[in-house]
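Please look over the following chain together with its model, and keep both in view while reading. The report below moves from the interior to the helix contacts and then to some single residues.

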Amino acid sequence: MQTDAILTVEGLHKTYASGETALRDVSLTIRRGEILALLGPNGAGKTTLISIICGLTTPSAGRVTVDGHDAVADYKRARSLIGLVPQEVALEPFETVAATVRFSRGLFGKKQDPAHLEGLLRMLTLWDKRDAQLKELSGGMKRRVLIAKALAHGPRVLFLDEPTAGVDVELRKDMWAIVRRLREDGVTIILTTHYIEEAEAIAERVGIISNGQILLVEDKEALMRRMGRREVVVTLAEPLDRLPDGLSNHDVSLTEDRRTITYAISDAGPSVGDLFEALSKAGLTLTDVETAHRSLEDIFVELVENGTQQWEAAE
């Protein structure tokens, strides 16, 4: 994968006429050919950020460049490099699939290309529906049409705003496969999603935004290694009044029912073997042992709840 930037956001700020500030000094660099998942709670500023990058909203301050083209000074060129799949499904119900996609291509001044249209519809499993009216399609198929519309003019950057909202698990996995294929074709993809397992499954980097500020942007694997704590969960035959003294140097907690001990594994701390030795010396009988790994969702919730201060402390 190339590592040069295809999209750069510098010092972006957005305050609406109502006085509400949606973005605060947001800076972000998107690598060419990557899949980046942008995560954030409702009202975090995700949609505002995307709208500014795509030229749908004017920033109060800051700058956006797309492959070197200023999004304001060279709007037409910058916008032609971007495709947007919006969260809301708004399609003309009596239009056909093929005509809808052809029209989207024409909006960017591109000549009609039947071969490109066919390849796009086949990739999205829409070719057999090309002559169907949009009102006849399922919700999942309409989502695919939105992706086809966004790709009709051959963009190099694709924004997917909650692309699998409201679709079933099987179709969601189909959409993941489509995203991976687009990335293999060199398309840079920025994904916003409420399904954090979606980000964990397909993204290469993760950005977290909250209260209009970027809390972090980091390679997913590096983030998981650094903050994705592993745990050993031990169930005891009898409840404890308190943790044995031999466990005092372990990162151990006792659950409310007093029957389960949770140990956070750390490279700097005692080993799992040390834990079991301490349990044995304390004369405790075990009935079950499980291992767990802290998920991306756990990390996301912690960072959003604790904000920038927690992130700075983690660094």
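Which residues of the largest nonpolar core touch the most other members? The model in which this is asked is a predicted one, where local features need pLDDT of at least 70 and side-chain atom pairs count only at pLDDT 80 or more, while totals for chains, interfaces and linings use all residues. Residues are numbered from 1 along each chain as its sequence is written, and side-chain values use heavy atoms, with hydrogens and water left out.

**The interior**

Leu121, Leu124, Leu158, Leu160, Leu182 and Ile189 touch the most other members of the largest nonpolar core, which has 47 residues. A nonpolar core is here a set of buried Ala, Val, Leu, Ile, Met, Phe, Trp, Tyr and Cys residues joined through side-chain atoms within 4.5 Å. Helix H5, residues 139-151, gives the most to this core, with seven residues. Apart from this core lies another, of 27 residues, among them Leu12, Leu38, Leu81 and Leu84. In soluble globular proteins, nonpolar side chains tend to be buried together.

Isoleucine 189, when its neighbours within four places in sequence are left aside, is in contact (heavy atoms within 4.5 Å) with Glu34, Ile35, Leu36, Leu158, Leu160, Val179, Leu182 and Arg183.

For the chain as a whole, 45% of the 315 residues count as buried, where buried means under 20% relative accessible area, exposed means over 50%, and partly exposed lies in between, for a 1.4 Å probe and protein chains only. The chain holds 10 helices and 14 strands; these are DSSP runs, numbered from the N terminus, with helices (H or I) of at least four residues and strands (E) of at least two. Among contacts with a separation of 6 or more, residues 24 or more positions apart account for 69%.

Helix H1, residues 46-53, is largely enclosed by the rest of the structure, because seven of its eight residues are buried. The buried residues of H1 are Lys46, Thr48, Leu49, Ile50, Ser51, Ile52 and Ile53. Just after H1, glycine 55 takes a positive phi of about 80°.

**Two contacts of helix H3**

How do the axes of helix H3, residues 97-107, and H5 cross? They come within 8 Å and cross at roughly 30°, the axes being lines fitted to C-alpha atoms, for helices over the stretch in contact, with angles from 0 to 180 degrees between N-to-C directions. H3 and H5 are therefore roughly parallel to each other, since angles under 35 degrees count as roughly parallel, over 145 as roughly antiparallel, 65 to 115 as roughly perpendicular and the rest as oblique. In this contact, Val97, Thr100, Val101 and Ser104 of H3 meet Val145, Ala148 and Lys149 of H5.

With helix H4, residues 114-123, the axis of H3 comes within 11 Å and crosses at roughly 120°, so that H3 and H4 are oblique to each other. Here Val97, Ala98, Val101, Arg102 and Arg105 of H3 meet His116, Leu117, Leu120 and Leu121 of H4.

Lysine 110 is found in the loop between H3 and H4. Leaving out residues up to four places away in sequence, lysine 110 touches Arg105 and His153. Lysine 110 and glycine 154 are 44 residues apart in sequence, and their C-alpha atoms are 9.3 Å apart in space.

**Single residues in strands and loops**

The table sets out the place and accessibility of some residues.

| Residue | Place | Relative accessible area |
|---|---|---|
| Leucine 216 | strand E10 (residues 213-219) | 3%, buried |
| Aspartate 67 | loop between strand E4 (61-66) and strand E5 (69-70) | 33%, partly exposed |
| Lysine 110 | loop between H3 and helix H4 (114-123) | 35%, partly exposed |
| Asparagine 211 | loop between strand E9 (205-210) and E10 | 55%, exposed |

Leucine 216 and leucine 303 are 87 residues apart in sequence and 9.1 Å apart in space, C-alpha to C-alpha.

Most residues other than glycine have a negative phi. Aspartate 67, however, has a positive phi of about 50° although it is not a glycine, and the phi of asparagine 211, a residue other than glycine, is also positive, near 55°.
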